[in-house]
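The following exercises concern strand pairing, sheet order and overall dimensions. Please work through each task with the structure at hand before reading its solution.

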Amino acid sequence: MTMASAPARSQNRSALKRAFERYPFLPALIILVVLMVLNGWFQPRSLSLSGVTGLIKTYLALMFLAVAQTYVIYAGDIDLSAGAIVSLVNVVIVAVMTALGGDGLSVMAALAVGIATGLACGLVNGLVVAALRLQAIVATFATSIFFTGLALYIQPVAGTPAPAAFWRTYGGRILEIPFVFYAVVAFAILLVVLVRTRLSLRLLAVGDGQQEAYQSGLPVTAIRMGGYALCGVFAALAAFCITGDTASGDPLVGGKMTLFSVAAVVLGGSALAGGYGTVVGSMIGALIIGFINSLVFFVGTPSEWQNLVQGLAILLALMAGVLVGRRARA
Amino acid sequence: MSDSAPATTSTPVSTRVAGFVKQPLIVALILIAALLLLGEALSPGFASGQQIMRLLIVAALLGIVAAGQNLVILGGREGIDLSVGGVVSLSAIIAGNLMAGENSGIPLAILGCIATGALFGLFNGIGVTLLRIPPLVMTLGMLGVLQGLLVVIRQGIPSGRASPGLANFVSQPFLFGIPGILWLWIAIGLVMAFLLGRTVFGHRIYAIGSNEQAAFMAGVPVKAVRIALFVLSGIFAAIAGICLLGYSGSSFANVGEQYMLPSIIAVVFGGTPLSGGKGGYTGTMAGALLLVILQSILVTINIDESGRQMVFGITLLVLMLFYGRGRSMRA
Amino acid sequence: MIKLKLNGVSKAYGATKALSQANLDIEAGEVHVLMGSNGSGKSTLSKIVAGSVKPDSGEILLDGQPITITGPQSARSHGIAIFYQELSLAAHRTVAENISLANLPSRAGILVDQETLEERAQHYVTLFDGVTGDGFSLDAVIQDLRADQRQLVEIMKTLSTEASVIIFDEATSALDRAQVDRFFEILRTLKQQGRSIIFISHRMDEIFAIGDRVTIIRDGKIVGTKRIADTNPAEIITMMVGSHDEAGAKPAGHSAPTGAVASALSVQNLTGRGFKDISFTVRKGEILGFGGLHGQGQSAVLRALFGAIPPTSGKIDLDGKPLDPANPRQTIRHGVAYVSGDRAREGVITGRPILENVMPIHYLRDRMKLAHPVVSAGKALPALQALRTKFAGLGFPISSLSGGNQQKVVIARWLIDRPAVLLLDDPTKGIDLSAKTDLFALIRKLAEEGMGIVLYASEDAELLDNADRILVFNGGSIRRELTGAERTRYNLYQAAYEAA
């Protein structure tokens, strides 16, 4: 057996590595830009103001939910009930708004109740996963059934319309600028603040190694619960967007979103094992899913093939993201 | 028994009983019996022979999917297969189209479905081992592909129907008054017991699941075993898809999705933790039955869907507490 | 003034007594050294004080008051901090973040106060100005740092607690001379501030450079405490060794094979991560010992020979034929056997029956497909009996056995089909005396039957009693070969400690 010694690593490579380390969403950003260019190529109108507004209106909820999921994944956990929380908050706020008369004040009250609901759901998840130490995947699946039951209790069938004051605002414009852009800016500011919180940093530290974090003196259980609580709050925000977009209450509206939120987080370059990732990446991941879906439409894929092409594109993007991310950091 | 070694001294009966009761299989069986009694109390006739037979058929469908899920989870390293639901649906459609209501089409349907299931399992396995994509991500992505494929197939080819033979096999008495699907389930149970207990492959599954590094150091071909587990998971899901077609008569949209997470719960309730390496299929069979009976009781009692779901969710959480919690961080 | 006092503190892991009835006084303003060989109980003692291990019994007094430590957070609040030997850093976080991880400065209660975070980190980084090396900065990510730099971060992290009792558990193992010197200057300052330092190290020169008192631990028991000024290395070594077999190596009770015997394994210029230019030959029938301090490349060489980690260059011949150690399957098929001392991680297949733990090598070498319990038992029993393994039945889980018997089961794996070379990587770590005796009796017998054996043992007595020749490792290379009468405990310690 004779082997050549390994070649020395070049300087360029380590600069690239550093960039990837600091901005784990770089591969996702590149994919997003390529998708946007392709979208513009096949359908120039898709990059117009109304085109982008429409896309954001539709995918803002997934962006919020992806961010929600990111906070639990930071710590190496997972929340399969995120979509069910969206459903629950959706029917709760529609019910509260309707009950209070549907004017501006009632909308505000409903949103407050919605946030509280999301927070409570998150705390329940944190309790069963972090405090009772049940396995996150199955435990949050069980809570998702419970949350769905609650949603069905509040509103057994889909279709209760949301008050016009709510969805008109969401779909409308303020000073000629679509409302969703304000929402995006507020979202961005919120995230910038959250990135700087102690909780965010501590969640990542727990994800890097629970035992090490515990030995360093971090309150690991409380931190993981904090992650779930944050997840619940962001799921509530996602529910607000979905309510604005669909203008109605639907006790099952979020169910399908859970797995997409996990996919968006991974697409955004975060590690499922925890300890590594960014919320910006998850937002980009959600947008990638949106742009893939619209691109598949714009290139004129026959309608029955659209889902398959979307599925394949997302799978490939997931694999590419994991592989590129690992290569770049290795 | 080694003659050089003294047998362990007899343990007190009470501890032995306590140990026995802690066996997940026993826990599941006790819970099953309790639930049947509860069901009978709530709605007389719940535990009648005919009714139990129906429950068993439904449990068999879930149990067959859970066999593959069980193998993947046993193999450890966060093994999980979220794509089983998609494979079940796809297999049901392929089987329906290939047999088109004729008994003569059954062999081809079985062959076609198993090949399809194996192929998707192979993709999953390769992604997970050679490309080192986390199983959750890989199989989640694959689920999306399968769902897309379902749309293509459903719209391109007229929806197929189960042949009379297949329908009878699933729901009519086949031998000694027991439907064929239950014989199939029993056979799968035996095959799994043999595979896990009496083959080198089975021992290697446990080895990689319980301590992958030690297994590697003891010469276990870790990657090959893991790929095989995903292939088997695809095959079991495909078999379940064929049976599901027989159960429902014709294939319809996303019929398999209802099996994705319940198959995982059945495995956990059967005593195989998600971390892998221990447990077995006998427990999973009981776990599947437990889950089906629980759902069935909730249907019997007179509350609406929302209450049912809430009770179901809470019951699942309480049951999980029976199956052991994670370890505390302080040594 | 006594700052910290331990009264009769004990801890057992299953049957193994990690620490029994430990009594210890730590004064304010002293550097108190703990010494003892690997597994003697130093780390257990440290972790009990630091809260991450729960003692079975005993009492801890701080400033004369009994305290209850419920976890690392609670220890911290009592002003006790620890440098973890295995480090407790978050790999994807920056240097600055890691330094303050447990005590993040905040603004408005929830935000990380980035400025204070960096200022504080800068303060501790500045203490090591000039010795931190290339690529070290406040915003460097831990996983990009070298081993010595990570160790410095863990030191800074420990210092940043400003605790009054600080434990340094092998804090200098990866540091170079300049870094150690700087670290010692800092320790002296801490001492002047009246803080108590518990210092664990294997390097004799360091202990005499920084220590005030030294306490020696052997087999979980405290042997004694000395003033550094009143003692010398020889006395400390004697205390660590135990007086009963002070005389050194027993004369080998057998004739070591001579040059004429064919070689079982020959290695030339093997280089890889953690070792370089390793060359040696093991003759058939010989037990070759690897000695030296822990982690000087002994394990890495054995693992590379087994195919578990890739060497970068070198040449290996097994029974005169070239061997490519691509992976363990390959080397096992060619007749290489490897037993790891890290039983829990690399040996036992946890929770599985004894039988399944014995069989995997035979499955592989015999290319078996079915595992018939009776046939398997017929193979497994003689192998287990050869080691005098005590077990209730082959179907019992391996976890039901004591550590020593578990290790016997792992070794029995290799006895069904005889390998040509047996690599033993600290095989007796944490197992009891009688199991050790059985094990070495078997190893000698295997050697007499013509097997070539390489033995790395962290316990020097084992090497001296069993190895026919000893290669002393240091810094990834072989520094000295001890043969015949040179194989004395004193020579071994001297070679290992002095060179360090």
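**Exercise 1.** Determine which residue stands opposite L423(C).

*Solution.* L423(C) faces V454(C), a residue in strand 20 of chain C. Strands here are DSSP runs of E with at least two residues, and helices are runs of H or I with at least four residues, both numbered from the N terminus. This is a predicted model, in which local features need pLDDT of at least 70, side-chain atom pairs count only at pLDDT 80 or more, and totals for chains, interfaces and linings use all residues. Residues are numbered from 1 along each chain as its sequence is written, while chains are lettered from A and ligands numbered from 1 in the order in which they are written.

**Exercise 2.** Establish in which sense strand 19 and strand 20 of chain C pair, and place them in their sheet.

*Solution.* Step 1: strand 19 (residues 421-425) and strand 20 (residues 452-456) of chain C are joined by five bridges in the parallel sense; pairing requires that DSSP find at least two bridges between the strands. Step 2: the open sheet has six strands in the order 18-19-20-15-21-22 (chain C), with mixed pairing. Step 3: strand 18 (336-340) and strand 22 (477-483) of chain C are its edges, each pairing on one side only.

**Exercise 3.** Assess the radius of gyration of chain C.

*Solution.* The value, taken over C-alpha atoms and judged by the rule of 2.2 Å times the number of residues to the power 0.38, is 24 Å for chain C, which agrees with the figure near 23 Å for a compact globule with 500 residues. The C-alpha trace of chain C spans about 70 × 50 × 45 Å along its principal axes.
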